[in-house]
Each structure stands twice: as structure tokens, then as C-alpha cells.
Amino acid sequence: MSHTQALCRFLAELNHTHLPEDVLARTEDLYLDWLASALASQGAHPIPLFERYAQKMGPSSGPAQVIVNGASTSAYFAALVNGASSHLVEQDDLHNSSVLHPATVVFPAALAAAQDLGKSGRDLLLASVAGYEAGIRIGEFMGRSHYRIFHTTATVGTLAAAVAVGKLLDFNQEQFINLLGSAGTQAAGLWEFLRDAADSKQLHTAKAAADGLLAAYLTAEGLTGARNILEGDQGLAAGMSSDAEPSKLSADLGSRWALLETSFKFHASCRHTHPAADALLDLMQRERLTAADIAHVETRVHQGAIDVLGRVTVPTSVHQAKFSMGTVLGLIAVHGKAGLTEFHERALTDPAVSSFRDKVSMTLDAEVDSAYPQRWLGRVTVTTLDGRTLHGAIDEPKGDPGNTLSRRELADKFQRLAQFSGARTPLEAHALIEKVWDLRNTASMAHWL
């Protein structure tokens, strides 16, 4: 049995009795965090473009719901818009060793299909776990080389979304094999957009969620796919990786719940900036420094951070600022936080932040690079204006599994994000939070919002 076949057998046999309580609770937490990210993008460019496209090309009504505007449409177009909206504000989750944002591809597809198929909250949770477990392992299988050119959440995300929907459709092993073939052949998404501050990142997650759903629904109708799309000579790894490890596809299935390793985002920026941001904040608090005391900050980072963040020097948009190490650290140093409000009101216009940005550099560090992607270490060296050299170190950024957000902190984050866009009042947000934490008892996801 190949590693792909073993993964598909696990997915087919997975049922509610296999899920430990901590996995169920964590899935509810991840769903809440995803929903907050989607709500926070209401009205923000380029999400209305996706809404208008869905209105033009999709049905005027349907069983699935678009989160940002409450419209009803088909499952395909709901997955498309919800996939785009939940990846805009850079607050959605990340799994470290796969460098995958699972929520923004798994939940849009799973929710849309669950509403279309009349499934329960428990069904949604089970399907989401399947999507996470498969997506994370496929991301780890693809290796570090894949991420240098390809946006893993776009490529691997297509397969993760497909698996979640396939589970809602109760696929057997053979159907999951065909499903991966049809999803994998659609996998796409390149990092080049960072150079231009383009909107492609939202297109990536929109298409991953929608195309994953497309692959699953066509598989249910009998469409066949390549049987060895992951490991084959002309498959995904052959074309998109130079360091793929097939054993990662099937390692510890059913005993290691990779979903539990997923991190929540604290800062509203690219996750590659978080370790250095936390290390700088910790150092400044410890040494009682202000931004005016600092002459230079050297961030010692892994190669993946340089590959992604090194493309942005002087950001020209708020979204691009979230991929600028200097801007993120400038917000941390000057304002003490790098949240949505700080990015939208200060990242591009505050001269103190711009000045600090120019004091920040990135250097490849052997220790940090060797730990990545399993661990995202934060290391900074600060030179002060009075000539001191100070070092900051963080081994687990805020939001990592060992330094996670509590349910109270997740609820606070949900309130902040919902109020940021005006998508929900505090009372409405509180009601949604309670609904999410009761998902396992929800009889039907139809009209859930």
C-alpha cells in the first residue's frame, strides 16, 4: 500500500468515535477564528469584487451563505467568496511544519457543502478534521522547496478543501484516491504577486476552496482522477518540489492529531514576522526601551522569511505592509501592537513607523533556519543609540500551541475583528461565539448564519 493509499484509507474510515474531546474543541476554536477573519474583511478591497462576480455568475439564491453580505447562493460560489474573505486581514490560522493556513480553505468549502447537503454541525467538524489532517500532511510531504515558489495554502489547500467535502459526501477509499487526483491537478498559486502588491492571495484561497469543492462534487458523479497525483513521476511533488518526503503522508495517522498543532495569529501580519515581533516586544519591555532609544534591529530569521518578506521593502498598500518586517516591527516599537487598527491607520502614514522600518534588517540565522518549519524561533539583536547591544529571543510566538490563545482571548479577538469592519455588534458577535461553541449539537448547518 502506498502512502497515498494509506492516507485515503484513513480518511474513508475516520468517524466521530475516533475524535478525542480536545480535537473537537480545538476544531470549534479554529472555526471561530476563521469566522472572525471572514467577518473582518467586510467591505474591504478586493472582497467586493468576488461578491460581484458571484452575483453575476452564480444563482440569485441557493442553500449556501456568503459570510460578508449574508447572500444565499450555490455552494461553489459561497466557497469562493468565503475563501477569499477569510484570508484578507492576515488573522487566520497557520500550521507551522506544513506552512499551511488550513482554515481559510477547509472551512469555506466544508461550510458551503454542509449547508448544501443539509449536514449537521458534528458532520462539519468531522469533515474539517479530515481536511486539516490531510492538508497538513500533504503540506509537510511537499517540503520546504515547494514554499519558496508556490503559495502552499493555494496549492495544497485545494486538496485539503476537497478532502473536507469528500468526507461530507461519505467517500470511500477509492473515491478519495480519485478526489486527490482531480484536486491535485488543479493546484496552483505563485508568490510573485508580493512584488506588485497584487490581490492574488485572495484569489488563491478563493479558488482553492471552490476548486476543492468542485473536485469532490464531480468525484461523487463518477469523475476519475490520477491515482498517484502526489507521489507519481509526473505528479505534484515531481513538478513542485525537490525535497518531498512521501512517508509524511501516512505518518502517525490516527495517533498524531496534526490539527492540534495549528497556531492562532496574534498580530495582523504575515506569520513570518511574528517571532521577531514578539522577541522585540519582549526585549523592549524587559529593557524599558522606546522606539527612540533604538538605532538598529537585526532580525535573525529562517530562509522562508527572507523568501517571502524580502520582496517587500517600501510597502505601497496596507496588505503589502503586513509582509514588511520593518513595518511590522515599527508598529510594535512605536505603538506596542500590530493589529488591524494599527495597520490601517498608521502603517503607511505614521512617519515614526516609516523611520523605524528603515532601521530593521533580516539576516539568515543557522539555528533559526534549522528549526524551521517545525519551530518558528524569534531572534533579534538591538543596537541602542547609547551604544549597547541587546539580544531578544522567543521560542514560541504568541498563538503557537505551547503559547496558545485561550477561549477568552479567542472571544476577545472575535469581537475586535467583527467590530473592526462593523460586520457585527458586540451582542451579535457574542451570540455567534456561543453558536460556534455549540457546533457539535447543531442539527443542521442550513441558514446557520
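Me: In this predicted model, what makes up residues 267–439 in terms of helix and strand, and how far apart are the end C-alpha atoms?

Reply: Over residues 267–439 the chain is 47% helix and 15% strand, where a helix needs a run of at least four residues and a strand at least two, and the end C-alpha atoms lie 27 Å apart. UniProt, in an unreviewed entry, places the feature "domain: MmgE/PrpD C-terminal" at these residues.

Me: What is the helix and strand content over residues 5–246?

Reply: There the chain is 62% helix and 2% strand, with end C-alpha atoms 11 Å apart; the unreviewed UniProt entry gives residues 5–246 as "domain: MmgE/PrpD N-terminal". The protein as a whole comes to 19 helices and eight strands.

Me: Why does the radius of gyration agree with that of a compact globule?

Reply: The rule multiplies 2.2 Å by the number of residues to the power 0.38, and for 449 residues this gives a value near 22 Å, so the 21 Å of the protein agrees with a compact globule. Along the principal axes, the C-alpha atoms fill a box of roughly 70 × 50 × 40 Å.

Me: What share of the residues is called buried, and on what cut-off?

Reply: A residue counts as buried when its relative accessible area is under 20%, and 60% of the 449 residues meet that description.

Me: How much of the contact set joins residues at least 24 apart?

Reply: With contact meaning heavy atoms within 4.5 Å, 77% of the contacts between residues at least 6 apart in sequence join residues at least 24 apart.

How values were computed: Residues numbered from 1 in each chain as written. Predicted model: local features only at pLDDT ≥ 70, side-chain atom pairs only at ≥ 80, totals over all residues. Heavy atoms only, no water. UniProt positions renumbered as here; feature names shortened; annotations may be inferred. Buried < 20%, exposed > 50% of the residue type's maximum accessible area, 1.4 Å probe, protein only.
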